[in-house]
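Q: Please take a close look at the pairing of strands in this model. Go strand by strand, and keep the cut-offs explicit.

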Amino acid sequence: MAVLNKEVDIVRGDVIYDDGMHKFIWLGWEEHEEEGLVQVNQYLIENKGIGVILDPGGIHVFPRVVANVSRYLDLEKIQHLFFSHQDPDVSSGVALWLSVTPAKVYISEWWVRFLPHYGIFDVSRVVKLQDKGGRIQLPSGDFLEIIPAHFLHSIANFNVYDSRSKTLFTGDIGAAIFSKGQRYTYVEDFDNHLKLMEGFHKRYLASNTVIKKYLNRISRLDIQIIAPQHGAIIYKKEHIERFFSWLGNLRCGVDISDELYG
């Protein structure tokens, strides 16, 4: 069941869902906000003693994320590292993670050739995701569904749906950019939050055409929590419905290219 804690320790993170055998955990933020550094979220899924980390993050956040993961699991229990796309705030710590865990790396086949630039030359632990997605199978029999979200924003991009917690990890979809000193973990005022999301989505997402394809793809899912890579977690049903409705009508990327080129 969802166990949202409104008195969140932002450095240590929070357990979003816990049914006794399965947890979905937000892994917190840096204590001090730094100018010019985009804030990022990392998540740990613990399923019967096995760990999956979603978008582990860059080198900068590695010490804090390792410390928080270790509060729940030994690093040797981390068997899967999922990367939604190739950006450095998502993936630049991949060599560090491979050095401290036995995990496999899940990333689009389109980005594997870029991994040497992050120090990865041996791809024997890399699972190349095909465009149509797939699943991360867990020893318990549970699995995580990998869902295509291409061009939103990366050209080869994926979400993860956890059917047990009914949480959709959306990567950059649902991202919000906070002003310094104004960050919060959970969305309570959606109208205000929408203002923090709009600029990012209009510039970083490719077009309304691909948004509609994405929304059609996820329409069959029972989504009770949206967990983005940037910004705050959306957990109220009415906010989730409003977010997807807003997204479906958003003009972005090439739709507004005339405004950008003048």
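A: Start with one pair of residues: Ile107 stands opposite Lys128 in β7. This is a predicted model, so local features need a pLDDT of at least 70 and side-chain atom pairs count only at pLDDT 80 or more, while totals for chains, interfaces and linings use all residues. Residues are numbered from 1 along each chain as its sequence is written, and side-chain values use heavy atoms, with hydrogens and water left out.

Now the terms. A strand is a DSSP run of E with at least two residues, numbered from the N terminus. Two strands pair if DSSP finds at least two bridges between them.

Back to Lys128. Its strand, β7, runs parallel to β6 (residues 104-108). The two are joined by 4 bridges.

β7 covers 126-129 and is an edge strand of a larger arrangement. That arrangement is an open sheet of 7 strands with mixed pairing. The order reads β1-β2-β3-β4-β5-β6-β7. The other edge strand is β1 (14-18). Each edge strand pairs on one side only. Neighbouring strands are turned by 20 degrees against each other on average, direction ignored. Here the axes are lines fitted to C-alpha atoms, and angles run from 0 to 180 degrees between N-to-C directions.

Some background on pairing. Strands of a sheet pair through backbone hydrogen bonds, either parallel or antiparallel.

Now go to the β1 edge. β1 and β2 run antiparallel and share 4 bridges. Tyr17 stands opposite Phe24 in β2. These two strands form a hairpin, with 3 residues between them. Gly20 sits in that turn. Its phi is positive, about 95 degrees.

β2 spans residues 22-26 and is mostly covered. Of its 5 residues, 4 are buried. Buried means under 20% relative accessible area; exposed means over 50%, with partly exposed in between (1.4 Å probe, protein chains only).

β2 also pairs with β3 (residues 43-47). That pairing is antiparallel and has 5 bridges. Within it, Lys23 has Glu46 of β3 as its bridge partner.

One more general point helps when reading side chains along these strands. In a regular strand, side chains alternate between the two faces of the sheet.

To sum up the pairings covered here: β1 with β2 is antiparallel, β2 with β3 is antiparallel, and β6 with β7 is parallel. Both kinds occur, in line with the mixed pairing of the sheet.
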